[in-house]
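Me: Let's go through the charged pairs. Show me the structure, then take my questions in turn.

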Amino acid sequence: MARLDLSQKLAILSDAARYDASCASSGTTRRDSRDGKGLGSTEGSGICHAYAPDGRCISLLKILMTNFCIYDCAYCINRVSSNVQRARFSVDEVVQLTIEFYRRNYIEGLFLSSGIIQSPDKTMEDMLRIAKRLREVENFRGYIHLKTIPDAAPELIEQAGLYADRLSINVELPTDNSVKAYAPEKNPATIRRAMGDVKARKDIAAERSFSGKRGKRFVPAGQSTQMIVGADGSTDATILAQSTQLYGDYKLKRVYYSAFSPIPDATAKLPLIKPPLAREHRLYQADWLLRFYGFGVDEITAARPDGNLDLEVDPKLAWALQNRALFPVDVNKASKDMLLRIPGFGTRTVGRILSTRRHRSLRYDDLLRMGASLKKAQAFITAHDWSPGGLTDSADLRARFAPPPEQMSLF
Amino acid sequence: MYTVPLPRIGTDIAWRDAAKRLIGAGVSPDEVLWNFDTEMDTLFATATPLPPISRRIKAPQSFVEMANWVVWHKDPQRFARLYALLWRLRHQPGLMQDRADPDLAKLRQMEKGVHRCKHKMKAFVRFRDLRQGGERRSFAAWFEPTHHTIEPTAPFFARRFADMDWMIATPDVTAQFVDGNLSFHPGQPKPDLPEDATEALWGTYFCNIFNPARLKVSAMTSEMPKKYWKNLPEAQHIQGLIAGAEAKVQEMRDTAPTVPPERAAKIQRQLRGDPSTED
């Protein structure tokens with residue numbers, strides 16, 4: 001086989017990395033390089049430097065160190081039984097790509113993942129060499145996300161947490177049985193143990209010693225995970241229950257849902273489908289309701305008997321349509337908890353309502369200016385000059401929110 | 001009538017200073033004309049000197065912060081709108097909390113526009129390596145912001161790229177960072193920047209991180225509007241990626257599952273700890 005040049009390797013190893021949904025570069029410590037001795041900064045919010053035509057943000061250089069892999073996960077482009085072309089970056093190549101892309105303002109940092117080569121420890125050690133070079137030799141102060149190899153030795157994971165802003169370990173599929181069926185070499189218990197380790201070490205690092213000093217910073221942007229949606233038969237209720245448990249047990253920053261998407265050289269074990277993008281979108285909306293709007297999993301998934309979310313209307317609207325007896329809600333009097341449950345009101349709108357109504361009574365037009373989506377909200381609220389009348393209980397209310405027509409391609 | 005000249009560089013400080021003097025002297029909004037970068041015909045500009053700082057009127061902190069953004073908006077009315085709100089604030093101190101007041105809502109919307117523009121500048125500036133040798137590397141970029149956003153955004157680049165020299169040229173104002181010092185100069189036409197080979201690698205990355213099975217063009221254009229494309233080296237690939245996406249996915253579907261490579265069975269046996277495969 002002819003030797004691959006850098007551009008060919010980059011093509012293969014970014015192609016192999018695109019099935020990982022995470023591209024976050026936010027929420028880490030604030031750093032800069034004003035001292036002139038290093039490169040890079042992180043300032044709280046992430047930056048999306050470009051968008052691909054799949055609508056996804058490009059914030060990090062997301063690549064695999066190598067796509068050689070000894071595992072045989074059915075959903076994965078890099079599984080050992082696939083005939084996809086293989087490549088491997090040297091430490092130097094990854095470091096140079098990261099630094100040169102960063103200097104041109106293409107990226108916020110590096111998201112490094114890898115196939116498993118030889119052994120989990122060996123793979124993790126090689127990834128650590130890259131992170132260490134970036135931090136200690138190049139004085140790189142941008143963002144680093146390392147995909148952790150769950151079976152790697154705990155000391156290696158600990159080191160990774162000192163260099164990286166974020167660590168992630170993918171739970172891959174929503175249930176243990178699915179993991180067994182489609183990722184036979186992966187062990188859900190090991191994955192959970194590794195996530196537990198990261199959480200425990202992060203907790204220790206956050207504690208102050210008797211002298212009041214904090215430990216060394218350990219994954220300041222926390223850990224995240226990813227689940228593939230639509231490869232197995234799990235319902236949305238199963239998926240969301242699993243997420244809730246993950247958020248609770250391991251204090252995850254994010255659970256990413258990745259619609260199972262066609263891969264080159266697929267296996268007969270897992271036929272290719274059209275990726276369930278609408279379902280993925282509804283799961284993210286439900287995930288938000290669970291974390292920021294005070295909803296419980298049961299409430300969100302109760303709307304349909306099959307345990308899946310309604311694909312035609314968003315989960316908050318679906319819940320409101322099922323619970324019309326609680327509406328309409330008076331925006332001038334309702335509690336914050338209840339305001340958050342009104343379809344078309346986001347957390348920001350609710351904050352604005354609370355601060356303004358201390359001064360005066362709110363009208364319909366006021367809500368418009370505050371950013372509420374009244375097309376959705378109007379049936380569920382009363383305001384100083386607005387009452388929905390019979391709208392709240394009208395039989396055709398659901399039909400008013402019929403799915404929008406599909407957007408035509410711009411080209 | 002007061003005509004207040006506001007320079008293109010340092011607009012924020014000049015406006016703040018003038019507003020302080022005018023509000024302190026009780027000058028009402030309809031007695032003030034704001035003249036940004038001498039855009040106004042000098043025929044109407046009268047050179048009444050600004051009143052001295054007399055009485056200090058304390059504006060709410062939230063107003064000061066908002067004004068610091070709104071002054072960079074491209075709307076010629078921005079200074080007058082800000083001053084009119086400041087005038088109302090004298091008798092309505094709670095006004096800043098009223099998120100539904102139409103005057104404030106308009107200013108907040110302008111503030112949001114400047115914020116977005118700043119965010120897009122942080123994201124979409126693309127430096128080219130000038131390959132000038134010397135101890136510090138030097139880079140340059142050409143950018144066309146929607147508002148006058150280079151001045152409030154340049155410090156971000158100074159914090160991030162402190163170990164290199166750089167220049168961001170815009171039609172309006174050019175920011176320069178040399179040996180750790182940031183300075184602003186009048187704008188210029190698009191400079192001729194040397195080719196940079198790394199742009200081709202970036203294009204390779206852009207094409208390969210794209211998943212053709214998830215084509216969602218409107219999601220891309222809402223975050224990366226077309227007006228920015230001409231200065232983004234990766235944007236030249238967009239049309240080809242969209243045009244070829246369906247065929248690529250169809251090819252994945254049509255390809256029959258292949259026979260696993262020879263090494264697969266051996267690696268899997270080793271993984272299961274079968275000693276007969278050691279060689």
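**Salt bridges**

Reply: A:Arg291 is partly exposed (between 20% and 50% relative accessible area, 1.4 Å probe, protein chains only; buried is under 20%, exposed over 50%), with a relative accessible area of 25%. This is a predicted model: local features need pLDDT of at least 70, side-chain atom pairs count only at pLDDT 80 or more, and totals for chains, interfaces and linings use all residues. Residues are numbered from 1 along each chain as written, chains are lettered from A in written order, and side-chain values use heavy atoms, without hydrogens and water.

Me: What is the N to O distance in the salt bridge of A:Arg291 and A:Asp287?

Reply: A salt bridge puts a side-chain nitrogen of Lys or Arg within 4 Å of a carboxyl oxygen of Asp or Glu. The two residues are four apart in helix H8 (277-292) of chain A, so about one helical turn separates them; helices are DSSP runs of H or I, at least four residues, and strands are runs of E, at least two, numbered from the N terminus. A:Asp287 is buried at 1% relative accessibility. The N to O distance is 2.8 Å.

Me: Is A:Asp15, the salt-bridge partner of A:Arg18, buried or exposed?

Reply: The side chains of A:Arg18 and A:Asp15 meet at 3.2 Å, N to O. Both residues have one status: buried.

Me: Which residue forms a salt bridge with B:Arg136?

Reply: B:Arg136 is partly exposed at 21% relative accessibility. Its partner is exposed at 54%. The N to O distance is 3.7 Å, and the partner is B:Asp179.

Me: How many salt bridges are there over all chains?

Reply: The search covers the whole structure. The total is 49.
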